[in-house]
Amino acid sequence: MPYEWYTAELGHTWSLSVEEQFYIFWAIVLSYTKDAKRLIALLVILIILCIIVLFIKDFPIEYNGKLRYLKSYFYVERWFIPACLPILVGSFFAIIQFNKMYF
């Protein structure tokens with residue numbers, strides 16, 4: 001089981017790596033998307049994708065002839081896509097506030 005390999009001393013580094021990956025990804029997205037409405041639509045799609053991936057941890061997989069769940073082998077909530085959800089939500093509200101868009 002991968003849970004046995006976890007060490008508490010380096011447990012915080014996964015969140016730092018998620019932030020670094022997000023800042024690289026976000027800079028590319030902002031450089032190619034100039035329209036605020038398209039950017040908000042992209043953010044909504046990414047937020048929905050993050051929520052869907054959070055539910056994938058209960059997805060059954062077959063391994064060595066036995067049916068197991070993905071969450072028994074991986075920290076699915078620590079993958080990049082679901083882990084960047086709080087940063088995406090903050091970016092969503094920042095863009096709405098910056099562009100004075102109210103729904």
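**Figure 1. A nonpolar patch on the surface of the predicted model.** In this predicted model, Ile56, Phe59, Phe74 and Trp79 together form a nonpolar surface patch of about 380 Å². One of these patch members, Phe74, is located in the loop that runs between strand β2 (66–69) and helix α3 (80–83). Phenylalanine 74 has a relative accessible area of 43% and is therefore classed as partly exposed, since that class lies between the limits of 20% for buried and 50% for exposed residues.

**Figure 2. The largest nonpolar core and its leading members.** The largest nonpolar core holds 19 residues, among which Trp26, Ile40, Leu43, Cys84, Leu88, Phe92 and Ile95 touch the most other members. Two or more residues of this core come from each of the elements α1 (13–32), α2 (36–54) and α4 (85–98), and the element that gives the most is α2, with seven residues. Tryptophan 26, when residues up to four places away in sequence are not counted, touches Leu39, Leu43, Ser91 and Ile95. As a matter of background, nonpolar side chains in soluble globular proteins tend to be buried together.

**Figure 3. Tyrosine 69 and its surroundings.** Tyrosine 69 has its place in strand β2, and with a relative accessibility of 45% this residue counts as partly exposed. Once neighbours within four places in sequence are left aside, the contacts of tyrosine 69 are with Lys57, Asp58, Phe59, Pro60 and Ile61. For one of these partners, lysine 57, which is 12 residues apart from tyrosine 69 along the chain, the separation between the two C-alpha atoms is 6.9 Å.

**Figure 4. Cysteines 50 and 84, a pair without a disulfide.** The closest cysteine sulfur to that of cysteine 50 belongs to cysteine 84 and is 4.1 Å away, which is too far for a bond, because a disulfide requires the two sulfur atoms to lie within 2.5 Å. Cysteine 84 is likewise in no disulfide, the nearest cysteine sulfur being that of cysteine 50, and the count of disulfides by this rule is zero. Both side chains belong to buried residues: cysteine 50 has a relative accessible area of 1%, and cysteine 84 has a relative accessibility of 3%. Cysteine 84 also appears in the list of core residues that touch the most other members.

**Figure 5. Threonine 33 in the loop between two helices.** Threonine 33 is placed in the loop between α1 and α2, and its relative accessible area of 19% makes this residue buried, because the class takes in values under 20%. With residues up to four places away in sequence not counted, threonine 33 touches Arg38 and Leu39. Leu39 is also among the residues that tryptophan 26 touches.

**Figure 6. The whole chain as the setting for the close-up views.** The secondary structure of the chain consists of four helices and two strands, and these elements follow the order α-α-β-β-α-α from the N terminus on. Of the 103 residues in the chain, 26% are buried, while the area that the chain exposes is about 7,700 Å², with 68% of it supplied by carbon and sulfur atoms. Among the contacts between residues at least 6 apart in sequence, 60% join residues that are at least 24 apart.

Definitions and conventions
Residues are numbered from 1 along each chain as its sequence is written. This is a predicted model: local features need pLDDT of at least 70, side-chain atom pairs count only at pLDDT 80 or more; totals for chains, interfaces and linings use all residues. Side-chain values use heavy atoms; hydrogens and water are left out. Patches are made of residues with over 30% relative accessible area and no salt bridge: like charges are joined within 9 Å, nonpolar side chains (Val, Leu, Ile, Met, Phe, Trp, Tyr) within 5 Å. Accessible areas come from the Shrake-Rupley method with a 1.4 Å probe; for residues, only the protein chains shown count as cover. A salt bridge is a side-chain nitrogen of Lys or Arg within 4 Å of a carboxyl oxygen of Asp or Glu. Buried means under 20% relative accessible area, exposed over 50%, partly exposed in between (1.4 Å probe, protein chains only). A nonpolar core is a set of buried Ala, Val, Leu, Ile, Met, Phe, Trp, Tyr and Cys residues joined through side-chain atoms within 4.5 Å. Contact means heavy atoms within 4.5 Å.
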